[in-house]
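Look at the sequence and the model below before reading on. The paragraphs after them go from the whole chain to single residues.

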Amino acid sequence: MTTDQIILFSLFGLVFAFLLWGRFRYDLVAFTALMLGVVLGVVPVADAFSGFGHPATVVVALVLVVSAGLVRSGAVFLITRTLVDASRGLGAHIALMGGIGAVLSAFMNNVAALALLMPVDIQTARKAGRVPGLSLMPLSFATILGGMATLIGTPPNIIIASIRAEAVGEPFAMFDFAPVGGIAAIAGLIFVALIGWRLIPTRGDDQEHTEALAQYIAELTVPEESPHIGKRLAELDETAEKTDVAILGLIRDGKRRYGRAANTILRAGDALVLEAVPEALDEFRTALNLDFSDSRRQEVLKAAGDGLEVIEVVATEHSRITGKTSQAIGLAWRQSTVLMGISRQGKRITKQVRKTEVEAGDILLLMVPRQRGPDVTEWLSCLPLAERGLSVTANEKVWLAIGLFAAAVIAASVGLLYLPIALGLVVVGYVLTKILPIAEIYDHIEWPVVVLLGSMIPLGAALESSGGTELIAGSLITLTNGLPAWAILTVLMVVTMTLSDVLNNTATTIVAAPVGIQMANTLGVSPDPFLMAVAVAASAAFLTPIGHKNNTLILGPGGYRFGDYWRMGLPLEVLIVAVSIPSILVFWPM
């Protein structure tokens, strides 16, 4: 290996190691690696920021904005409100929601598709009296599968198309992915709807589990002049039992008293650590005339007026509060909002709620001024768990939004317009027709993904120009020497799929696609089947909650554990490989 190759392999190794560690966000890791690559001389200074103007980066950003426009127009809920019925059986519900999710994610960002449908699915589950976890994982997998079918359905496809343009002079078109990705998606959806959901582990009967999902760790404070001052903590047990609240302990002077501390004499300012559903918490607070954790937050709520409501939201990887506490972001004084509780499935909250760092997938119980729920949810960049938290524009703009988007898709598909230009015109149209307020455009772009793409593309180009991808491809070809074409494609898919299960699928694609092209060049065959194999495999991340953002988003609301995903995900990944390889060889022969 050359010095440049050693440096680049080391940089990629560090990137993968830090991404697996998860201590630092992936955009910071990638950008740091890019800067080191420039300083160490393996990335030319002139190319350092070329990735930020790369077509793949631009298309990903535009797709997110267009998705937001479809949301705000009410286009998606026009479909779901018409088709979704809580009286359907679970299998039929999963098939219908999965089909809707797959179709939507084929034409909009699959994370956005899940964000739209997840509140609908949870609400339907509650009306039907069943566990949300039985349908949320199938929905997540369906939205991932649907993105495989079109160019704009998922970032890996966009990246693959751009890399093909550089390799052979022409990108993949809008529906070039459909013969392989579409067949894989249909096969996956059939499996999920008929068999897959039955593999999801259930813990206890449906009613018990449904209640467990709504349990929050929360705090209520003993106010000044409370009649309970001087009583023992155990004297509150009768009220707690009546209201179905579990008293877990006590916090005094900022320090947690472990265990029940049942004989502790209550003082003003003591915080009771409780576990309960939202309704029970409110009933317990009212019965004992307790405050919301501390006087400062109580004053904020009083200043907000009498109109208050409780909402539930789920924190995402990019939420303002993720990795921080409610105190750190000034939730109380900035938004007149109180964090009442945190639901973190499978984990016990040991700190004070307001001092607990929120993690992606946590469900947050918030008390907000009435009618401010959508604004607070958007400010936090969280996802609502109730339909009331969604913001849409006037219904008369639904068909206008759909029409503009459909025109752009058709124009790009027949070659009238370059895809980034077509999507750019849709964004302009959405702004001019006031479907999407201009002030919100940049809020909907997922900037960490843009930075990740902009940073990894120059590093990937440097690895290719240094001969690094040729070296990796040579190793894989040596490993598969003498094997038939289908076996070589299978090895490439399995390696790519394994990486995508633990790493960001964008980073995986940027590394794996050039390797696939180099393997094709070494074998003297067309690169297209190898690029298709990478595209499908990079999207098929079903084994863990960290492999794809959609899987992370359902972790808390679905009440899942880390090890629950592989039960349905492993046979699904095997099925995807088994279906995709023949499809690739038929539609994209070597």
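What follows describes the chain as a whole, then a strand pair, a helix pair and a few single residues.

This is a predicted model. The protein chain contains 24 helices and 8 strands. Of its 590 residues, 58% are buried. The surface that the protein chain exposes comes to about 23,700 Å², and carbon and sulfur atoms supply 60% of that area. Contacts can also be sorted by how far apart their residues lie in sequence. Among contacts between residues at least 6 apart in sequence, 79% join residues at least 24 apart.

The strands come next. Strand β2 covers residues 246-252. How many of its 7 residues are buried? The count is 5, so the strand is mostly covered. The partner of β2 is strand β4, residues 271-276, and the two run antiparallel, joined by 5 bridges. One place to find this pairing in the model is L250, whose bridge partner in β4 is L272. When looking at such a pair, keep a general rule in mind: side chains in a regular strand alternate between the two faces of the sheet.

Now turn to a pair of helices. Two packed helices are described by the angle between their axes and by the distance between those axes. Helix α19 spans residues 468-479 and helix α21 spans residues 505-523; they pack at an angle of about 65 degrees, and their axes are 8 Å apart. The crossing of α19 past α21 is right-handed. Which residues of α19 and α21 make the contact? From α19 come T469, E470, I472, A473, L476 and I477, and from α21 come P514, V515, Q518, M519, T522 and L523. Sorted by type, the residues of this contact are 8 nonpolar, 3 polar and 1 charged.

Backbone angles give another way to read the model. Most residues other than glycine have a negative phi. What is the phi of E225? The value is near 60 degrees, which is positive, and E225 is not a glycine. E225 sits in the loop between β1 (216-221) and α11 (237-243). Its relative accessibility is 78%, and because the cut-off for exposed is over 50%, E225 counts as exposed.

K434 is another non-glycine residue with a positive phi, about 60 degrees. It lies in the loop between α17 (419-432) and α18 (447-465). Is K434 buried or exposed? With 62% relative accessibility, K434 counts as exposed.

The loop between α17 and α18 also holds D443. D443 counts as exposed because its relative accessibility is 56%. Along the chain, D443 and E378 are 65 residues apart, while their C-alpha atoms are separated by 9.4 Å.

The last residue is G373, which belongs to helix α15 (residues 373-380). Why does G373 count as buried? Its relative accessible area is 3%, and buried means under 20%. Leaving aside residues up to four places away in sequence, G373 touches E309, I311 and V368. G373 and V313 are 60 residues apart in sequence, and the distance between their C-alpha atoms is 9.7 Å.

Notes
Residues numbered from 1 in each chain as written. Predicted model: local features only at pLDDT ≥ 70, side-chain atom pairs only at ≥ 80, totals over all residues. Heavy atoms only, no water. Axes fitted to C-alpha atoms, helices over the stretch in contact; angles between N-to-C directions. Helix = DSSP H or I, 4+ residues; strand = E, 2+ residues; numbered from the N terminus. Left-handed = near helix turned anticlockwise from the far one by under 90°. Contact = heavy atoms within 4.5 Å. Nonpolar A, V, L, I, M, F, W, Y, C, P; charged D, E, K, R; others polar. Buried < 20%, exposed > 50% of the residue type's maximum accessible area, 1.4 Å probe, protein only. Areas by Shrake-Rupley, 256 points an atom, 1.4 Å probe, with all protein chains shown as cover. Pairing = 2+ DSSP bridges.
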